[in-house]
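This report walks through one model, from its surface to its helix packing. Please look over the chain before reading on.

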Amino acid sequence: RFGLTPREAEILPYLVRGYDRGYIAEMLVVSPETVKSHTRHIYEKMTVHTRVELFNAVTLCLEE
């Protein structure tokens, strides 16, 4: 819906659940810097600036 790449879409649920960059990197077998980069792109594409805004945006999408 927001033009997320498959990897960004894979990271999104971890972010919404509040997991930190290190944990996400471990689970997906990538570096924390890679997670940071994908997270930045997710925030830009979803036009949010915080995890609370991200959570709210995802919640609104699920209600539609």
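The model is predicted. On its surface, Tyr19, Tyr23 and Met27 make a nonpolar patch of about 250 Å². Tyrosine 19 sits in the loop between helix H1 (6-16) and helix H2 (21-28). Tyrosine 19 has a relative accessible area of 32%, so it is partly exposed.

**Salt bridges**

How many salt bridges does the structure hold? There are two. Side chains of opposite charge can pair when their charged atoms come close. The table gives both pairs.

| Salt bridge | Closest N and O atoms |
|---|---|
| Arginine 7 with glutamate 10 | 2.7 Å |
| Lysine 45 with glutamate 8 | 2.8 Å |

The lysine 45 pair links distant parts of the chain. Lysine 45 is in helix H3 (residues 32-45) and glutamate 8 is in helix H1, 37 residues apart. Lysine 45 is partly exposed, at 32% relative accessibility. Glutamate 8, in contrast, is buried, at 3%.

The arginine 7 pair stays inside one helix. Arginine 7 and glutamate 10 are three residues apart in helix H1, so about one helical turn separates them. An α-helix has 3.6 residues a turn, so residues three or four places apart point the same way. Arginine 7 is partly exposed, with 27% relative accessibility. Glutamate 10 is also partly exposed, with a relative accessible area of 36%.

**Helix H1 and its buried side**

Which residues of H1 are buried? They are Glu8, Ile11, Leu12 and Leu15. Seen down the axis of H1, these buried residues fall within an arc of 125°, so they line one face of the helix. They pack against H2, H3 and H4. Glutamate 8 thus has two roles in this account: it is among the buried residues of H1, and it forms the salt bridge with lysine 45.

Isoleucine 11 lies in helix H1. At 0% relative accessibility, isoleucine 11 counts as buried. Leaving aside neighbours within four places in sequence, isoleucine 11 is in contact with Ile24, Leu28, Val35, His38, Thr39 and Ile42. One of these partners, isoleucine 24, is 13 residues from isoleucine 11 in sequence. In space the two are 7.3 Å apart, C-alpha to C-alpha.

Histidine 38 is another partner of isoleucine 11. Histidine 38 lies in helix H3. Is histidine 38 buried or exposed? It is buried, with a relative accessible area of 18%; the cut-off for buried is under 20%. Beyond its neighbours within four places in sequence, histidine 38 is in contact with Arg7, Glu8 and Ile11. Arg7 and Glu8 each take part in a salt bridge, Arg7 with glutamate 10 and Glu8 with lysine 45.

**Helix H2**

The buried residues of H2 are Ile24, Ala25 and Leu28. Down the axis of H2, they fall within an arc of 100°, so they line one face of the helix. Those residues pack against H1 and H3. Ile24 and Leu28 are among the contacts of isoleucine 11.

**Helix H4**

Helix H4 covers residues 51-63 and has 13 residues. From its first C-alpha to its last, H4 reaches 18 Å, close to the 18 Å expected at 1.5 Å a residue. Its buried residues are Leu54, Ala57 and Val58. They cover an arc of only 95° around the axis, which puts them on the same side of H4. H1 and H3 are included in what covers them. What does the face of H4 turned away from its buried side carry? It carries the exposed residues Val52, Leu60 and Glu63.

**Backbone at the loops**

Glycine 18, just after H1, takes a positive phi of about 90°. Valine 29 is not a glycine, yet has a positive phi of about 55°. Its place is in the loop between H2 and H3. Valine 29 counts as exposed, at 72% relative accessibility. Threonine 47 is not a glycine either, and has a positive phi of about 50°. Threonine 47 lies in the loop between H3 and H4. At 65% relative accessibility, threonine 47 counts as exposed.

Definitions and conventions: Residues are numbered from 1 along each chain as its sequence is written. This is a predicted model: local features need pLDDT of at least 70, side-chain atom pairs count only at pLDDT 80 or more; totals for chains, interfaces and linings use all residues. Side-chain values use heavy atoms; hydrogens and water are left out. Patches are made of residues with over 30% relative accessible area and no salt bridge: like charges are joined within 9 Å, nonpolar side chains (Val, Leu, Ile, Met, Phe, Trp, Tyr) within 5 Å. Accessible areas come from the Shrake-Rupley method with a 1.4 Å probe; for residues, only the protein chains shown count as cover. A salt bridge is a side-chain nitrogen of Lys or Arg within 4 Å of a carboxyl oxygen of Asp or Glu. Helices (H or I, at least four residues) and strands (E, at least two) are DSSP runs, numbered from the N terminus. Buried means under 20% relative accessible area, exposed over 50%, partly exposed in between (1.4 Å probe, protein chains only). The expected span of a helix is 1.5 Å times one less than its number of residues. The arc is that of the directions from the helix axis to the C-beta atoms. Contact means heavy atoms within 4.5 Å.
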